[in-house]
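Today I opened my notebook to look at how helices pack and how aromatic rings pair up. Come along and check each entry with me.

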Amino acid sequence: MEAIVEPRETSTGIQDDVPPKKENRYPQSLASLELLTSQGRGFKRLNGGRIIEPRSESICMKESIRRLSTVEIMKVASERFIQSFSGKVVVVPLLNNPFDLSFSGLSKEEIEDVELVDILLAAAEKVRCQEFELTIKLLGKCDELSSINGNPVQRVAYYFSEALREKIDQELKGLRKEVSFDIEQIVMDAFSASLAHRQEVPFCQVEQFAGIQAIIENVAEAKKVHIIDLGIKCGVQWTILMQALASRRECPLELLKITFVGFTSSHTEVQGKRLMGFAQTMNLPFSFKVVTISDILDLKEDQFELDTEETVSIYSEFFIFNLIAQPDRLDYLMGVIRNMNPCIMVVIEVEANINSPAFVSRFVEGLFYYGAYFDCIDACMERYDKNRINTEKLLNLGIRSAVVADGNEWRARHVKIDVWRAFFSRFRMEEKDLSMSSLYQAHLMVQNFACARSCTLDLSGKSLIVGWMGTPIHSLSVWKFL
């Protein structure tokens, strides 16, 4: 398949997508859909197989044995949308079209879900063309089919529909406001939801156990260990490290110090005190420090009170993506980190390309990504669980950022691991192999969940890609400064 976009590097090395110079076979929005509906080959599976390949259009011809996944529903809708595109979007309700035999194998609910995604795609295309009156009519139909308490397709469509309404409102009223992704504030306000998500959805535990195993291996001979946690979330993962360090016999630990870096201190202080209590039960020498900043440019090396005898490790979980839109601050942060000479830097990030300046491209990318995530949540949490609803509201911040914000106001961006590789190379950072122990930890964690068969573990180069039914969700990579 020929390329539909050409990469362009910004001053940070983070790539944006720009339309190609040559004429596309389809308009930009359709090219994005073609790419997503045909994706599926790539990473080598840990067990030696291949990543789960997406079903082709033949899934519509076969009798449904099970309910289609959210991503499969979106692929069916995308293919139908492409086929119906002929200068202007025409959305014909499937239930009122008995002659559309290609959908005869789908259940009534699946057909309604395909129709819902079809309408949502049409609405996004109308927003791109600034045909807002038609968009509002389409979103009215979305209201009838979507629900905040429905199945995963209905739930994710509800949030994307609301985001489109907010974007239209801003365009018509000429109002602009920054759509932030203040994940620390959300976690602080809904800490129980964050813990429930960690316990019931596999991604966090898989990545954290594998990442911490990498840290343990790299501080095996260190008597003083200093962990710098960028943008601490719940901090529970550090109890794993404490247990491992407390059990060392050949090289007893003299001190474990954890420095939390964040934009608010109340939440991090609470987590530090909890860890202090846990360390006492393990008879582990421990101290914690909180570095609170209002701007990354306020971060200084002397705030960390580094000891020359300390072995420093950096842990960055869903933090640096916030700085993609601020290249000066991202470069500054990496300079500060490099000056601290860490033995290792563990990076966990969203594995999605929601960074295109083209509105429909990032809308489609976001729809597929969050559709897969909502599908996972549906498999792991009860439909009316309060923690599930709060977790989805947290994810909605990313949806709003991708759909509503634009230009300099669009801060929460995501890129894939190959883009981070290009960026880190500018700072002479080398990607390290994940050990078999780290990969084994990831495998063990997956097996603890009832949805283990749907959670995929793949390798992209030296990085671990954690996915849902073959759709990449997060990346885990380990880096060392040369």
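**Entry 1: a tryptophan and its neighbours.** I looked up W420 and F424 first, and both are buried. I kept in mind that this is a predicted model. The two residues sit in helix α14, 4 residues apart, about one turn of the helix. Their rings form a stacked aromatic pair, with 5.8 Å centre to centre and 20° between the planes.

Next I tried W420 with F423, and F423 is buried as well. These two are 3 residues apart in helix α14, so about one helical turn separates them. This pair is edge-to-face, at 6.0 Å centre to centre and 75° between the planes. I noted a count of 16 aromatic pairs for the model.

**Entry 2: what does α14 pack against?** I found helix α11 (residues 327–339) packing with helix α14 (residues 417–425) at about 65°, their axes 12 Å apart. The crossing is right-handed. From α11 come L330, D331 and M334, and from α14 come W420, F423 and F424. I sorted these contact residues into 5 nonpolar, no polar and 1 charged.

**Entry 3: another helix pair.** I moved on to α3 (residues 108–128) and α5 (residues 152–173), whose axes come within 11 Å and cross at roughly 20°. That angle is under 35 degrees, so α3 is roughly parallel to α5. Here the crossing is left-handed. Among the residues in contact are L116 and L120 of α3 and F160 and L164 of α5. This contact divides into 11 nonpolar, 2 polar and 3 charged residues.

**Entry 4: F160 again.** I met F160 once more in an aromatic cluster with F203, F359, F363, Y369, Y370 and Y373.

Definitions and conventions:
Residues are numbered from 1 along each chain as its sequence is written. This is a predicted model: local features need pLDDT of at least 70, side-chain atom pairs count only at pLDDT 80 or more; totals for chains, interfaces and linings use all residues. Side-chain values use heavy atoms; hydrogens and water are left out. Axes are lines fitted to C-alpha atoms, for helices over the stretch in contact, and angles run from 0 to 180 degrees between N-to-C directions. Angles under 35 degrees count as roughly parallel, over 145 as roughly antiparallel, 65 to 115 as roughly perpendicular and the rest as oblique. A crossing is left-handed if the near helix is turned anticlockwise from the far one by less than a right angle, and right-handed if clockwise. Contact means heavy atoms within 4.5 Å. Ala, Val, Leu, Ile, Met, Phe, Trp, Tyr, Cys and Pro count as nonpolar, Asp, Glu, Lys and Arg as charged, and the others, Gly among them, as polar. Rings of Phe, Tyr and Trp (its six-membered ring) pair if their centres lie within 6.5 Å; planes under 30 degrees apart count as stacked, over 60 as edge-to-face and the rest as tilted. Buried means under 20% relative accessible area, exposed over 50%, partly exposed in between (1.4 Å probe, protein chains only).
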